[in-house]
Amino acid sequence: MIEGRTMKTGWICLSVACVLAVAGPALAGTTADARAAGNGVVVTIDNAVVSSTTDLINSTTRSTAHIQDAFGGITLQGLVADIDPVLALIAEGDSITITGTTASFNGLFQLETPPFTVVNNGPVGLVTPTVITLTDMLTGSATAEALESTLVRLNNVVFQNAGGIFVGSTNEIVENILMTSTGTVRIATVNLSMVGATIPTGPVSIVGILSQFDGANPLPGVPGAGYQLQPRGILDIITPGSPPVASAVTAIVPLNTASQALTLSVADVDNDPFDVIIESIPATGTVFDDTVQIGTIANPLPYIMSDPLN
């Protein structure tokens with residue numbers, strides 16, 4: 001491979017050794033550059049962060065990992081013999097520079113072998129998932145296409161098969177609490193840690209890789225169908241914990257004073273987003289997102305925050 005130079009496809013022979021030259025420019029830079037290059041092109045992606053080292057393809061011969069940068073994500077896919085050496089060099093949260101060949105499989109844009117060239121630039125911190133909604137996963141969604149192969153999070157969804165058992169290599173359907181939208185959660189392989197566990201009842205948050213399986217195989221960047229959320233394991237299924245309690249009242253409203261904001265500081269151990277519910281307030285109180293506007297109060301009252309989900 002000659003970086004930064006366009007080559008024609010064909011065999012190049014030096015003495016008695018031959019290598020296959022692949023058509024296309026050999027240097028991209030970002031995930032956006034790689035997508036713009038199209039399929040079948042050797043590209044190098046600089047300073048992408050590893051979002052998942054969990055294999056999310058149900059195959060005994062092939063394996064996957066995932067990387068992303070500020071412009072999007074890409075699935076790394078190849079033979080186990082090619083992916084395992086990559087995984088030995090990287091960890092989630094590492095910044096890497098990687099060279100591979102672009103391809104699409106059922107609408108999912110990928111970086112494939114011939115064998116990857118990887119440089120680990122060092123840890124930069126775990127990827128923070130992008131919060132999406134079920135509407136974002138609908139067929140034809142430009143949002144889903146833009147976030148394909150990135151780490152995302154669905155909040156406040158319910159499994160239709162609640163109380164059942166997670167089975168590998170199957171789809172589960174989730175819906176919002178109003179039952180107006182649905183989406184697909186793919187339990188991608190039989191090796192994931194949630195396989196055999198009970199599907200939770202009630203609202204949950206789900207973190208995972210936003211993937212796609214569209215038999216029409218649309219080109220990179222073209223919205224299609226078959227978007228699905230692929231959790232990496234049981235820890236990506238986040239169930240409500242104990243409600244966080246207001247740990248301190250930072251403003252006390254004296255008796256018979258004019259209306260003012262009573263601000264509460266909150267300790268939420270699982271770092272979930274939450275809405276505020278006031279367990280006990282005077283009749284004149286008005287509930288806001290994270291404050292209570294009250295007219296009079298004789299003594300501090302117990303204020304309980306609801307966990308965990310928007």
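A residue counts as buried when its relative accessible area is under 20%, as exposed when that area is over 50%, and as partly exposed in between. The model described here is predicted. With the cut-off of 20% in hand, Asp236 can be placed at once: its relative accessibility is 7%, so Asp236 counts as buried.

The protein as a whole comes next. It has 310 residues, of which 47% count as buried. Its accessible surface comes to about 14600 Å², and carbon and sulfur atoms account for 59% of that area. Three helices and 18 strands are found in the protein. Among contacts with a separation of 6 or more, 59% are between residues 24 or more positions apart.

One part of the fold is a closed barrel. Five strands make it up, in the order S3-S4-S5-S7-S6, and their pairing is mixed. On average, neighbouring strands of this sheet are turned by 50° against each other, direction ignored. Within the barrel, strand S5 (residues 72-79) and strand S7 (residues 108-123) run parallel and are joined by three bridges. Gln77 has Glu112 in S7 as its bridge partner. Helix H2, made of residues 80-87, packs on this sheet and touches strand S4 (62-69), S5 and S7. The direction of H2 makes about 125° with that of S5.

A second place to look is strand S11, which spans residues 182-187. S11 has two faces: Gly183, Val185 and Ile187 lie on the covered one, while Thr182, Thr184 and Arg186 lie on the uncovered one. Strand S10 (residues 170-176) runs antiparallel to S11, and six bridges join the two. As an example of the pairing, Asn171 has Arg186 in S11 as its bridge partner; Arg186 belongs to the uncovered face. S10 and S11 form a hairpin with five residues between them. In the turn of that hairpin, Met179 has a positive phi of about 60°.

S11 also pairs with strand S13 (residues 227-230). Here the strands run parallel, and two bridges join them. Val185, from the covered face of S11, stands opposite Leu229 in S13.

Positive phi values turn up elsewhere too. Ser149 is not a glycine, yet its phi is positive, at about 70°. Ser149 lies in the loop between helix H3 (142-147) and strand S9 (151-159). Its relative accessibility is 0%, and therefore Ser149 counts as buried. Asn156, likewise a residue other than glycine, has a positive phi near 60°. Asn156 is placed in strand S9 itself, and at 16% relative accessibility it counts as buried.

The loop that holds Ser149 leads on to the charged side chains. Side chains of opposite charge can pair when their charged atoms come close. How many salt bridges does the structure hold? There are three.

In one of them, the side chains of Arg35 and Glu148 meet, with 3.7 Å from N to O. Arg35 sits in helix H1 (residues 31-37) and Glu148 in the loop between H3 and S9; the two are 113 residues apart, so that the pair links distant parts of the chain. Are Arg35 and Glu148 buried or exposed? Arg35 is buried, since its relative accessible area is 14%. Glu148 counts as buried as well, at 0% relative accessibility.

Another salt bridge joins Arg232 to Glu92, whose closest N and O atoms are 3.7 Å apart. Arg232 lies in the loop between S13 and strand S14 (237-238), and Glu92 in the loop between H2 and strand S6 (94-105), so this pair ties together parts that are 140 residues apart in sequence. Glu92 is partly exposed, because its relative accessible area is 28%.

Arg232 also forms a salt bridge with Asp236, and there the closest N and O atoms are 2.9 Å apart. This returns to the residue placed at the start: Asp236, at 7% relative accessibility, counts as buried. Glu92, Arg232 and Asp236 are thus linked in a network of salt bridges.

Note on methods
Residues numbered from 1 in each chain as written. Predicted model: local features only at pLDDT ≥ 70, side-chain atom pairs only at ≥ 80, totals over all residues. Heavy atoms only, no water. Buried < 20%, exposed > 50% of the residue type's maximum accessible area, 1.4 Å probe, protein only. Helix = DSSP H or I, 4+ residues; strand = E, 2+ residues; numbered from the N terminus. Pairing = 2+ DSSP bridges. Axes fitted to C-alpha atoms, helices over the stretch in contact; angles between N-to-C directions. Contact = heavy atoms within 4.5 Å. Areas by Shrake-Rupley, 256 points an atom, 1.4 Å probe, with all protein chains shown as cover. Salt bridge = Lys/Arg side-chain N within 4 Å of Asp/Glu carboxyl O.
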